[in-house]
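Subject: Structure for your review

Dear colleague,

Please find below the sequence and structure that I am handing over to you. My notes on what was found follow directly after them.

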Amino acid sequence: MLEDTKIYEAAKYPWSISARTLLKELDISLKEIDANTRALQQAQRRLLQALESKEPVTLEGKTSSEFVEFTSFFVAKVMVDAIKSMYFRRRWATAEAKRAERFFFKESDLKLATLAKHNFNWQLDPKPTRIAGREFSHRLHFANYLAATAGFHEREWKLVNKRMVNGCVLLRKGDTARVLRAAVEQLLISDVKRVSPPFPPNIQQMYEELEVIVRNRTERIKQEIMGEIVPEAFPPCIQALLADMTEGKPLSHIARFTVTAFLLNVGMDVDSILQLFVKAPDFREDLARYQVEHIAGKRGSTEYTPPACAYLVSTRLCVKKDKHCEFIRHPLAYYRRRRKWIKPKSS
Ligand code: SF4
């Protein structure tokens, strides 16, 4: 008989290592979940809410069962893996992480530390500290803190603005929940599994419907981004990479991927992008064409987008941030915003 606490915890934190272990122990197949209408409906709700709202994913309802919450997460994840849209994955990861944050607020200090240790191998100590009239609940090792907050833009999160003790950042309970939320988001974005249809009938139907919704949504965003390319609206990180390319400086693999994916997403064609790479010291047209076409989705089913700001910060490609960066989390979002404000150059 399944322990109530195990399934209760797995329903709250279905991305956690213990929830994934439980799924394996229960040996539940997609075929079995396919017969569970409530789990499928909740999976669909999770995904549609993630796409349509900035609010956290909500529970099924007052009578929601833990089993439905738990299994619906896994169906949702299969859908995200199968649809292979980075936009969709990011939306879903953000919504699920916000959902987790709501639970974090209600946990004890010790429980948060245990979750952080088990799932992210963090050194997070629950140690009440009072300094200058302010109460702190935890101490987080600065390296863990920096990794988790790489994508945070607000000044208050900068390390220089944090109180530190023995190499650890002092956090209030709300800060701890926020930093853990970022870790959950990063985990869900990076945990990509190779999954493809066909699925059992009901899940297959959900997949086909969602695929259309996601495709329409990403097409609409593409239309907003594409059109006449406005280089003045490129974010500083991309401008810096383009400047390096023009000077013939060698770029790392991730730098090449970032700039290529960005230019493809704003509407530049493969040949024009190849022209930018000509000056690279190791340029080989056949190889470069293969790579650019692969990122464009011409040699596989995945069309790539550039990494989000958080990742670019961690790989030191986020340079010369300007005031417009304060409000965005992705280079394409920067471009979309700025493009609306900058009058395109007349040809
Ligand atoms: S914040 Fe984002 S958009 Fe701005 S420079 Fe850094 S990576 Fe680029």
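Does R172 count as buried, partly exposed or exposed at its relative accessibility of 35%? Since buried means under 20% and exposed means over 50%, R172 counts as partly exposed. Please keep in mind that this is a predicted model.

Salt bridges

R172 forms a salt bridge with D175, and their closest N and O atoms are 3.7 Å apart. The partner is placed otherwise: D175 has 8% relative accessibility and therefore counts as buried.

In the whole structure, the search finds 25 salt bridges. One of them joins the side chains of D191 and K77, at 3.8 Å from N to O. D191 belongs to the loop between α9 and α10 (201–225), whereas K77 belongs to helix α5, so this pair ties together parts that lie 114 residues apart in sequence. D191 and K77 are both buried.

A further salt bridge is formed by D271 and R289, with the closest N and O atoms 2.7 Å apart. This pair links distant parts of the chain, for D271 is in helix α13 (residues 270–277) and R289 is in helix α14 (residues 285–295), 18 residues apart. D271 counts as partly exposed because its relative accessibility is 45%, and R289, at 26%, also counts as partly exposed. In addition, K77, D81, R89, D191 and K193 are joined into one network by salt bridges that share partners.

The ligand

The ligand sits in the largest cavity. Two elements, α11 (236–246) and α15 (309–314), give two or more residues to the shell around the ligand. Among the residues of this shell are H153, P235, C237, C309, K321 and P331. By type, the shell divides into 10 nonpolar residues, one polar and one charged.

The second largest pocket

The second largest pocket has a volume of about 470 Å³. Its lining consists of 23 residues, and R20, L23, F74, K77 and V78 lie nearest its centre. K77 is thus named here as well as in the salt bridge with D191.

Which element gives the most to the lining of the second largest pocket? It is α5, with six residues. At least two residues each are supplied by α2 (17–26), α3 (30–34), α5 (66–83) and α9 (173–190). The lining residues divide into 14 nonpolar, two polar and seven charged.

Yours sincerely,
A colleague

Terms used
Residues are numbered from 1 along each chain as its sequence is written. This is a predicted model: local features need pLDDT of at least 70, side-chain atom pairs count only at pLDDT 80 or more; totals for chains, interfaces and linings use all residues. Side-chain values use heavy atoms; hydrogens and water are left out. A residue is near a molecule or strand if one of its heavy atoms lies within 4 Å of it. On a 1 Å grid over the protein atoms alone, a cavity is a set of points where a 1.4 Å probe fits but cannot get out, and a pocket is an open set with protein on both sides within 12 Å along at least five of seven lines; lining residues have an atom within 4 Å of a point. A molecule sits in a cavity or pocket if more than half of its atoms lie within 2 Å of its grid points. Helices (H or I, at least four residues) and strands (E, at least two) are DSSP runs, numbered from the N terminus. Ala, Val, Leu, Ile, Met, Phe, Trp, Tyr, Cys and Pro count as nonpolar, Asp, Glu, Lys and Arg as charged, and the others, Gly among them, as polar. Grid points are joined across faces, edges and corners, and a volume is the space filled by probe spheres set on the points. A salt bridge is a side-chain nitrogen of Lys or Arg within 4 Å of a carboxyl oxygen of Asp or Glu. Buried means under 20% relative accessible area, exposed over 50%, partly exposed in between (1.4 Å probe, protein chains only).
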